Amino acid sequence: MLAQLYASLLFAAGITLPSIFLLLFGLFLRRSGQIDGAFCVQAARLMFNWALPALLFFAIVDSQTDVRGQWKLLAAGTVVTLILFVAAEIAARFWVKEKRDRGVFVQGIYRGNTAIIGLAFCANAYGAQGIAVGAVFAGSMTFLYNVLAVITLSRSLNEDKQHDIPALLWQIVKNPLIIAIVLALLCRAIGFRLPETLAQSGHYLAATALPLALICVGATFDMKSMLRWHDLSLWTSLLRVTVAPATALAVGLAFGLNDVPFGVLFLMSAAPVAAAAYVMVKAMGGNDVAAANVIGMTTFLSMISASLWVLLLHTIGLM
């Protein structure tokens, strides 16, 4: 029994500790003045436009995993997202008094950081196969997340903000992560391979994505903001790190998922709220302060909760 518990502890630590160390390293670099906010802004632009798309593209193109065989995982992920979205919409209507805060609450429940933290969890747990399967999942969910964000924010904000919806839909279409995944799937379908020299350069770029992203997330932690918890941010964060993984666990078992697909579904759902949630709220005139607090809190809390969830699931033999 003790040996099994020790093995489970090592497995959980192997998934979350690498991410935690890089987050803390980013916090140290920011506190010591070696990087600043301007660096994080520029690095985020580089990651979003180039490094993360390169990571997703080559993870799919180089993978031996049958992408078409992941339909059950994608269906399960869609069900998890829609359950969380609908439940959060209903709860927000009765529990969140300020109408303009309802979209913040709803996004905080269903929208996971699949492209950075979630993908890092999958990489630590399953290596290249985890990245390949996670890349397909992240791309599909990114599209769904953005569509649902437009719906919930337009419902919770004033009517005069709805003229921004066409522009936001265009942002969804030209999302670099979605474009990279579509191109990768096309390349696999037609058997196209990049020249070796160009592919090697792309791999170099892709290798910078997750470490740099985690460092920047750590560097942008605002401890003072996290200490100013208020009901909306606090309860949204606590629900995100408990209800979302529990829902993924139930749906994954109901769909009969196992091994890597089950782990990817669960780990992606155990990830914190995506930074894109703040961008969407800010663009549509919502409560951006609350959105930023939710992202900060869930990023911190998810490292603890994900470790405990993985420890539990590994102990009982589900991971």
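**Exercise 1. State how many cavities of 30 Å³ or more a search of the whole structure finds, and describe the largest cavity.**

*Solution.* Step 1. The search of the whole structure returns two cavities of 30 Å³ or more. The structure is a predicted model.

Step 2. For the largest cavity, the computed volume is about 70 Å³.

Step 3. Its lining consists of Gly-77, Val-80, Thr-81, Leu-84, Tyr-110, Phe-137, Tyr-145, Arg-240, Ala-244, Leu-265, Met-268 and Ser-269.

Step 4. Assign the lining to helices. At least two residues come from each of α3 (71-95), α5, α11 (231-254) and α12 (259-269). Among the contributors to this cavity, α3 gives the most, with four residues.

Step 5. Classify the lining of the largest cavity by residue type: eight residues are nonpolar, three are polar and one is charged.

**Exercise 2. Determine what volume the second largest cavity has and which residues line it.**

*Solution.* Step 1. The second largest cavity holds about 40 Å³ of space.

Step 2. The residues that line the second largest cavity are Val-104, Gln-107, Gly-108, Val-273, Ala-277, Val-281, Ala-291 and Val-294.

Step 3. Two or more of these lining residues are given by each of α4 (102-110), α13 (276-283) and α14 (288-315). The largest share, three residues, belongs to α4.

Step 4. By type, the lining of the second largest cavity comprises six nonpolar and two polar residues, with no charged residue.

**Exercise 3. Characterise the second largest pocket by its volume, its lining and the helices that supply that lining.**

*Solution.* Step 1. The volume of the second largest pocket is about 250 Å³.

Step 2. This pocket is lined by 13 residues, and those nearest its centre are Trp-50, Pro-53, Ala-54, Phe-57 and Ala-180.

Step 3. The helices α2 (37-62), α7 and α8 (196-207) each provide at least two residues of this lining. With six residues, α2 gives the most.

Step 4. The lining of the second largest pocket divides into 11 nonpolar and two polar residues, and no charged residue takes part.

**Exercise 4. Establish how α2 and α9 are oriented to each other and which residues make their contact.**

*Solution.* Step 1. The axes of α2 and α9 (residues 209-219) come within 9 Å and cross at roughly 150°.

Step 2. An angle over 145 degrees counts as roughly antiparallel. The helices α2 and α9 are therefore roughly antiparallel to each other.

Step 3. The crossing of α2 with α9 is left-handed.

Step 4. List the contact residues. From α2 come Phe-39, Cys-40, Ala-43, Leu-46, Met-47, Ala-51, Leu-52 and Leu-55, and from α9 come Ala-209, Leu-210, Leu-212, Ala-213, Cys-216 and Ala-219.

Step 5. The residues of the α2 contact with α9 are 14 nonpolar, with no polar and no charged residue.

**Exercise 5. Establish how α5 and α7 are oriented to each other and which residues meet between them.**

*Solution.* Step 1. Helix α5 spans residues 114-156 and helix α7 spans residues 176-190; their axes come within 8 Å and cross at roughly 105°.

Step 2. Angles of 65 to 115 degrees count as roughly perpendicular. Therefore α5 and α7 are roughly perpendicular to each other.

Step 3. On the α5 side, Ala-115, Ala-135, Gly-139, Thr-142 and Phe-143 take part, and they meet Leu-177, Ile-178 and Ile-181 of α7.

Step 4. The residues of this contact divide into six nonpolar and two polar, with no charged residue.

Notes: Residues are numbered from 1 along each chain as its sequence is written. This is a predicted model: local features need pLDDT of at least 70, side-chain atom pairs count only at pLDDT 80 or more; totals for chains, interfaces and linings use all residues. Side-chain values use heavy atoms; hydrogens and water are left out. Axes are lines fitted to C-alpha atoms, for helices over the stretch in contact, and angles run from 0 to 180 degrees between N-to-C directions. Angles under 35 degrees count as roughly parallel, over 145 as roughly antiparallel, 65 to 115 as roughly perpendicular and the rest as oblique. Contact means heavy atoms within 4.5 Å. Ala, Val, Leu, Ile, Met, Phe, Trp, Tyr, Cys and Pro count as nonpolar, Asp, Glu, Lys and Arg as charged, and the others, Gly among them, as polar. On a 1 Å grid over the protein atoms alone, a cavity is a set of points where a 1.4 Å probe fits but cannot get out, and a pocket is an open set with protein on both sides within 12 Å along at least five of seven lines; lining residues have an atom within 4 Å of a point. Grid points are joined across faces, edges and corners, and a volume is the space filled by probe spheres set on the points. A crossing is left-handed if the near helix is turned anticlockwise from the far one by less than a right angle, and right-handed if clockwise.
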